[in-house]
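Me: Can you walk me through this one? I'd like to start with how far to trust the model, then look at the inside and the surface.

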Amino acid sequence: MQERGLMDRTEGGGHQGTAGEVFLAFLKLGLTSFGGPIAHLGYFRDELVTRRRWLSDPAYADLVALCQFLPGPASSQVGFALGMMRAGWLGALAAFTAFTLPSALVLLLFAMTAASITGPLGTGALNGLKIVAVAIIAQAVWGMARHLCPDRERASIAVGAVAVLAFVPGPFGMVGAIVLGGLAGLALGRGAGTPVGGQIGGQVAMPVSRRVALGALLAFLGLLAVLPLLAGQGQALAIIDSFYRAGALVFGGGHVVLPLLRAEVVQPGWVTPDEFLAGYGAAQAVPGPLFTFAAYLGAVLGPEPNGVLGATLALIAVFLPGFLLLIGVLPYWDRFRAMAPAQSLMQGANAAVVGILGAALYHPVFTSAIGDLRDFTLALACFVLLMAWKAPPWLVVIVAALGGAVLGLLG
């Protein structure tokens, strides 16, 4: 009998649905899930655990713990796995498509029309989108630091990551900071007795055999190794390589993709810094996964392919590594996460991620978006709206765009 991994130990996964049912459920979530990855997980629980009863709370907690442990877009990985649990591989594809498509289409439309926005009012509004990125990323750094760096050891790892990037900027510095952070966490042994994601929850039924899992892991590593060798053969392969690498190295949440993507598209001159920050600001105003920012970047890339084709290549490439990793670890997750060294390794890596995001908050976000005290005042107002007034990010983005337009008119 073929090994089924988590399929043999089910909880809350016995009732199977259809891909159409999954598509409609996730289309609703893709149209309404504002607020980022953590908020998305709350929407998923309300809709699929509490209301539809697709799985139990312990099973959902187990799945969330797995996806928070892995690199990649955690909420999209949870959605992919829920779709697979409900309706097999077609269900996984339906969940990803329905949850991703709404925000990807909006950002594609923004990319194709942003160049036509001119005059003081239009350019001011675009500048407001750059300014709001300062507030949103500052909020993300603060929230992640509280949860991922709660003690002096992990706070020191975060500072060490900033120091690494100060001397080795770019993607190699980021990878090095994460690796060194993981090794530091392993040496400190902070994970002993603390399961990743909290207490171990229930089991989740997934139609993934160990053979399929091994194939997914080999595909993940193979693409990571081979794509850089093929990138020189054409711009399409170069785009796939850059976005795949960015998606493969994202630990700690969707905002962490910002410095990785910037290193891949701004440094080579494919996207200007202003275009990058304006798109990132716009991405905060749409529901769904933050990784759909890749669709905007693929559409505005300087060399062809860009437009719809560039957006499609970038979007698939940035999501693919996270899904391959998820498929690859499903049969082995229960045993691995019970190991204290694994917990220590990931706690150190996550602390390093806080440092990487903090470095990105200073450069390029703050240095590119804040030109004078008026810009800083608008950024500070947006930060207070997010932190003190608990305003939803999409509303703060609108406030920033209006504020930027007013500043543009004032000159």
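Reply: Sure, confidence first. The chain averages a pLDDT (the predictor's confidence in each residue, from 0 to 100) of 84, and 89% of the residues score at least 70. Residues 1-15 fall below 50, with 37 contacts in the model beyond near neighbours in sequence, a contact being heavy atoms within 4.5 Å. This is a predicted model, where local features need pLDDT of at least 70, side-chain atom pairs count only at pLDDT 80 or more, and totals for chains, interfaces and linings use all residues. Residues are numbered from 1 along each chain as its sequence is written, and side-chain values use heavy atoms, leaving out hydrogens and water.

Me: Which helix gives the largest share of the largest nonpolar core?

Reply: A nonpolar core is a set of buried (under 20% relative accessible area) Ala, Val, Leu, Ile, Met, Phe, Trp, Tyr and Cys residues joined through side-chain atoms within 4.5 Å. The largest one has 135 residues, and Phe26, Phe243 and Phe276 touch the most other members. Its largest share, 18 residues, comes from residues 74-113, helix H4.

Me: Is phenylalanine 366 buried, partly exposed or exposed?

Reply: Phenylalanine 366 sits in helix H15. Partly exposed covers the range between buried, under 20%, and exposed, over 50% relative accessible area (1.4 Å probe, protein chains only). Its relative accessibility is 31%, so phenylalanine 366 counts as partly exposed.

Methods:
Helices (H or I, at least four residues) and strands (E, at least two) are DSSP runs, numbered from the N terminus.
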